[in-house]
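Please open the structure in your viewer and keep the sequence panel beside it. The tour below moves from one selection to the next and says what is there at each stop.

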Amino acid sequence: MFDKLKLAEARYIEIEGLLSDPEITGDQKRFRDLMREYKSLTPLIEKYREYSAAQNAVDEAKELLGESGLEQDFREMAQMQFDENREVIQKAEEELKILLLPRDPDDDRNVIIEIRGGAGGDESALFVNSLYRMYCMYAALKNWKIEVNNSNPTELGGYKEIAFSVEGEGAYAKLKYESGVHRVQRVPETEAQGRIHTSTVTVAVLPEVEDVDVEINPADLEFQTFRASGAGGQHINKTESAIRIIHKPSGVIVECQEERSQHKNKDKALKMLYSKLYEAKLNEQTAQIAAERRIQVGTGDRSERIRTYNFPQGRVTDHRIGLTLYKLEYVMNGDCDEVFEALAIADKSAKLTNSEV
């Protein structure tokens with residue numbers, strides 16, 4: 001482990017020098033790639049330096065404690081220094097093991113999120129909108145950019161489905177655990193007797209990829225155009241600007257109708273298609289990769305769930321890691337980091353355990 005850490009620190013110092021080199025700063029792509037690598041190494045190096053400082057303090061305390069004739073006050077101070085820094089070392093060692101785990105190569109990618117109504121009819125469609133709003137508010141806190149690719153709104157203000165892209169640093173790393181079935185328990189506004197209803201929606205999170213990541217034969221694609229329409233079926237434009245793409249070998253279908261330009265809709269739809277095929281490609285490579293992706297979108301049945309949002313109790317529960325927080329209002333307003341970070345830690349811990357078996 002420590003050989004790897006020394007090599008990582010040497011690389012970190014090398015990158016620091018390169019980032020101040022005028023030749024590098026003039027090459028935007030090289031500079032961006034190095035900065036991304038530098039940022040990814042920073043948590044590891046900071047923790048390693050914390051470990052090294054604690055180790056030096058322990059060695060210094062040992063030396064003092066080994067001296068004969070040391071006054072009692074100094075001995076007690078040295079012993080305290082030894083004990084405190086031994087604790088720091090033990091904790092840092094465990095954290096370093098996790099930080100040294102191979103990173104998901106997709107972590108730095110932008111994402112495409114699809115949210116679809118499941119069981120629950122109109123209430124499910126309204127919760128699709130609630131989750132979309134939650135992700136938008138979280139993205140705003142992270143200074144990420146959101147752009148809607150496709151949506152199917154309902155007359156009550158919900159969505160049967162909505163697909164959107166999230167562009168920003170570390171978007172996939174934060175959001176990848178959101179794939180699965182989300183269950184909501186609340187009293188609908190239309191419920192006269194105040195009964196709690198249970199509904200579900202499905203969320204799929206896909207890494208956004210370029211065409212170089214997936215090869216597609218143009219002959220395998222069928223393009224269809226249609227008129228974009230809003231809630232209730234009203235046409236929101238009179239030209240066939242909406243695009244549907246069918247990938248015939250896999251049967252994957254994507255649509256985009258949010259832009260007035262057919263060309264822009266086509267570009268967005270192709271991005272969605274590449275991302276879906278890339279995800280399928282990864283899942284087919286090995287059973288291990290499929291397992292690491294943790295949760296696949298299910299049927300939307302009430303019994304299949306990764307998380308429950310209970311409004312009467314103000315409670316959000318993630319069933320995969322047994323996390324329950326009584327701060328639902330904050331979570332729905334985009335304060336999601338406590339949930340997302342707990343999932344990331346649990347995932348890394350599980351991978352660490354598997355690597356030690």
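Begin by selecting Phe-164, which, when residues up to four places away in sequence are not counted, touches Val-111, Ile-112, Ile-113, Ile-115, Tyr-132, Tyr-135, Ile-146, Glu-147, Val-148 and Asn-149; a contact here means heavy atoms within 4.5 Å. The model is a predicted one, in which local features need pLDDT of at least 70 and side-chain atom pairs count only at pLDDT 80 or more, whereas totals for chains, interfaces and linings use all residues. Residues are numbered from 1 along each chain as its sequence is written, and side-chain values use heavy atoms, with hydrogens and water left out.

Phe-164 is placed in strand S3, and with 0% relative accessibility Phe-164 counts as buried (buried is under 20% relative accessible area, exposed over 50%, and partly exposed in between, with a 1.4 Å probe and protein chains only). Helices (H or I, at least four residues) and strands (E, at least two) are DSSP runs numbered from the N terminus. Add Cys-256 to the selection: its C-alpha atom is 9.9 Å from that of Phe-164, although the two residues are 92 apart along the chain.

Next, select Tyr-135, which, leaving aside neighbours within four places in sequence, is in contact with Ile-115, Ile-146, Phe-164, Leu-175, Glu-178, His-182, Val-203 and Phe-340.

Now widen the view to the largest nonpolar core, which has 37 residues, and in which Ile-113, Ile-115, Leu-131, Tyr-135, Phe-164 and Leu-175 have the most contacts. Such a core is a set of buried Ala, Val, Leu, Ile, Met, Phe, Trp, Tyr and Cys residues joined through side-chain atoms within 4.5 Å. Among the elements that give two or more residues to this core are strand S1 (111-117), helix H5 (121-141), strand S3 (159-167) and helix H10 (337-356), and H5 gives the most, with eight residues. A second, separate core of 21 residues includes Tyr-12, Leu-44, Phe-82 and Leu-96.

For the helix packing, show helix H1 (residues 2-19) with helix H3 (residues 28-65), which pack at an angle of about 135° with their axes 9 Å apart. Axes are lines fitted to C-alpha atoms, for helices over the stretch in contact, and angles run from 0 to 180 degrees between N-to-C directions. H1 and H3 are therefore oblique to each other, given that angles under 35 degrees count as roughly parallel, over 145 as roughly antiparallel, 65 to 115 as roughly perpendicular and the rest as oblique.

Then replace H1 with helix H4 (residues 72-99), which packs with H3 at an angle of about 150°, their axes being 8 Å apart; H3 and H4 are therefore roughly antiparallel to each other. Within helix H4, pick Met-77, which is exposed, with a relative accessible area of 55%. Met-77 and Ala-61 are 16 residues apart in sequence, and their C-alpha atoms are 8.7 Å apart in space.

For the last residue, go to Asn-143, in the loop between H5 and strand S2 (145-153). Asn-143 has a phi near 60°, a positive value in a residue other than glycine, and Asn-143 is exposed, with a relative accessible area of 71%.

Finally, show the whole protein chain, which has ten helices and eleven strands, and of whose 357 residues 41% count as buried.
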